[in-house]
Amino acid sequence: MGPFQTPWLTFFAWVVIAGTILMAIAWSILGFRKREDR
Amino acid sequence: MSEIGIYILVLALYTLLLVGIGVIASKRMKNSEDFYLGGRSVGPWVTSLSFVAAYFSSVVIIGGGGFGYRFGMSSIWVGAANVLIGVALAWMVLGRRIRLFTARLGTMTVPGFLAERFKAKEARVFAALVISLFLIIYNVSILKGMGHAFEGLMGIPYIWAVLLSGAIIILYVSLGGYLAVVWTGFFQAWVMGFGLILLTFASLKAVGGLTAANAALQAMSPGLVNTPGEWGWAGLISYSMIVSFGVWGMPQLTVRFYSIKSVSVLRVGTVVATIGGSMAVLPYLNGAIARVLHPELANADLAIPTLTKAVLSPWGGAIFLAGVIAAGMSTFASVLIITSGAVVRDVVQKGLGRQLEEHQVVRYSRLVSTLVGIVSLAIALRPPALVLVLTAFSWAAISSTCLWPMLFGLYWKRATRWGVLSSMGLGLASALIWIGIGSPYGLHGFIPGILISLLALVLVSLFTKRLPDDHLARVFGEQ
């Protein structure tokens, strides 16, 4: 069992949501450094 | 103040605000690009939150709660797929290129993009007809969802509820066009999010926290907390794919990228949309909590309305109802404007070759969005019994037609006119046939539809003549 008595495989869905938000933040910082508008 | 009085007050204020936005937006409208794309001048916050509002309709909130109720906590995975594939990846993969390509090609609609990108005028009319026909079906189910929410929480008769909410949307869309749609959508996303968060806090408190909810569900049946649990892998994966990857082919969502001010909008927009989109998980979570608090419900779709009445005060309930109505209205409004564009620009102007002045385009667009709204309303007054089945049917049909041509149009130079035409035709046909023969193996028509349209696009393109190099260079910005 993971946190809040959630089975690990179900808990991982929450991790995916949090990870997606972090990925979006990282993309918007890193992805736009290299590019310029055309 | 009586409970009904509170509901009426909150909803009346809310309606006034929406119509006010419609009137203000109508004053800023000068030509058809303003009507359809807000003059390509929309910033990151409005674009991203109106995307979220158009994505999550009342059907998702009420139906998502129903899934959470029936299948339990593993439904959280559907919400996770919505955030990852339906929002974050859609913005990263589609956003930048759609904005750049459609501006270079001078197109305002999805059928228009397909026609110009692949030099295929047949694609324009075909896509426009598929989009307008199947989005009307989607509209009907959205109205039905709102009607039932009004009916369940306020006791207003279904027919009045549908007429009232339909009339308000038609008014502000025909007045204010796309700008009214995105600005109301922006506002509606806040109402929706606030309503959902309010409900989540109250229901978690009522159940004694997430740990207690999980323990109670585990005691009922381990399938309600395990993954895939009651869903089974096939059900969980195929449903998650329809409601998240399917978005990539839905024009009322991809059009958001046409209208942004510049590609730099995507920088903030992607983050805001992803954070806003993460509220997709809340209806599923609340549905699962409703299973603990009200295990006796005969119809799972009553999970969210029942929970709302049980855990929220009348003021909270009114705000939550406004959120559900907001979710329905913003999606309906977005669909209305897309259908009107498909009919006026793609079928009448380009397909039938009618020459129209700018002011005529705006006038006809207003007229068509009103008419489409009225037709949807008329069907929704006596909806076909299978309206929820028809919703999934309409998503499957539109995605099977538009998803790959759009994606390959942005990334693959080798895609040809015939590749795209065969992908659209075979994708639609296979989705419809699969559903028509009763969706064998429990697999939704969306899956064979997108698989066959993918195969057709790649194989036919490889064996047919590629598009001229100068055309590709122009589209891909290499000139």
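**Confidence.** I checked chain B before anything else: this is a predicted model, and chain B averages a pLDDT of 88, with 99% of its residues scoring at least 70. For the model I also noted ipTM 0.90 and pTM 0.89.

**Chain A.** I looked up the secondary structure here and found 1 helix and 0 strands. Of its 38 residues, 21% count as buried.

**A against B.** How many residues of each chain are in contact with the other? I get 20 residues of chain A touching 31 residues of chain B. Sorted by class, the chain A side of that contact holds 13 nonpolar, 5 polar and 2 charged residues.

**Helix 7, chain B.** I pulled residues 121-154 and checked the length: 34 residues at 1.5 Å each should span 50 Å, and the end C-alpha atoms sit 49 Å apart, so expectation and model agree. Burial next: 24 of the 34 residues are buried, so helix 7 is largely enclosed by the rest of the structure. Just past helix 7, I found B:Gly155 with a positive phi of about 75 degrees.

**Helix 15, chain B.** I ran the length check on residues 314-351 too. The 38 residues should span 56 Å at 1.5 Å a residue, and the end C-alpha atoms are 52 Å apart, which agrees. Is helix 15 enclosed or open to the outside? I count 32 of its 38 residues as buried, so helix 15 is largely enclosed by the rest of the structure. Just after this helix, B:Gly353 takes a positive phi of about 70 degrees.

**Core.** I then went after the largest nonpolar core, which has 185 residues. The residues with the most contacts inside this core are B:Ala123, B:Ala127 and B:Ile131. Which helix supplies the largest share of the core? That would be helix 8 (residues 158-207) of chain B, with 23 residues.

I picked B:Ile131 for a contact list, skipping residues up to four places away in sequence. What came back was B:Val110, B:Pro111, B:Pro251, B:Ile338, B:Thr339, B:Ala342 and B:Ile398.

**B:Ala103.** Last stop: I placed this residue in helix 5 (residues 76-105) of chain B. Buried or exposed, or somewhere between? I find 16 C-beta neighbours inside 10 Å; buried needs 20 or more and exposed 12 or fewer, so B:Ala103 counts as partly exposed. I also took its C-alpha distance to B:Gly20, which is 83 residues away along the chain, and got 30 Å.

Definitions and conventions: Residues numbered from 1 in each chain as written. Chains lettered and ligands numbered in written order. Predicted model: local features only at pLDDT ≥ 70, side-chain atom pairs only at ≥ 80, totals over all residues. Helix = DSSP H or I, 4+ residues; strand = E, 2+ residues; numbered from the N terminus. Expected span 1.5 Å × (residues − 1). Contact = placed C-beta atoms within 7 Å. Nonpolar A, V, L, I, M, F, W, Y, C, P; charged D, E, K, R; others polar. Core = buried A, V, L, I, M, F, W, Y, C linked by C-beta atoms within 7 Å. pLDDT = per-residue confidence, 0-100.
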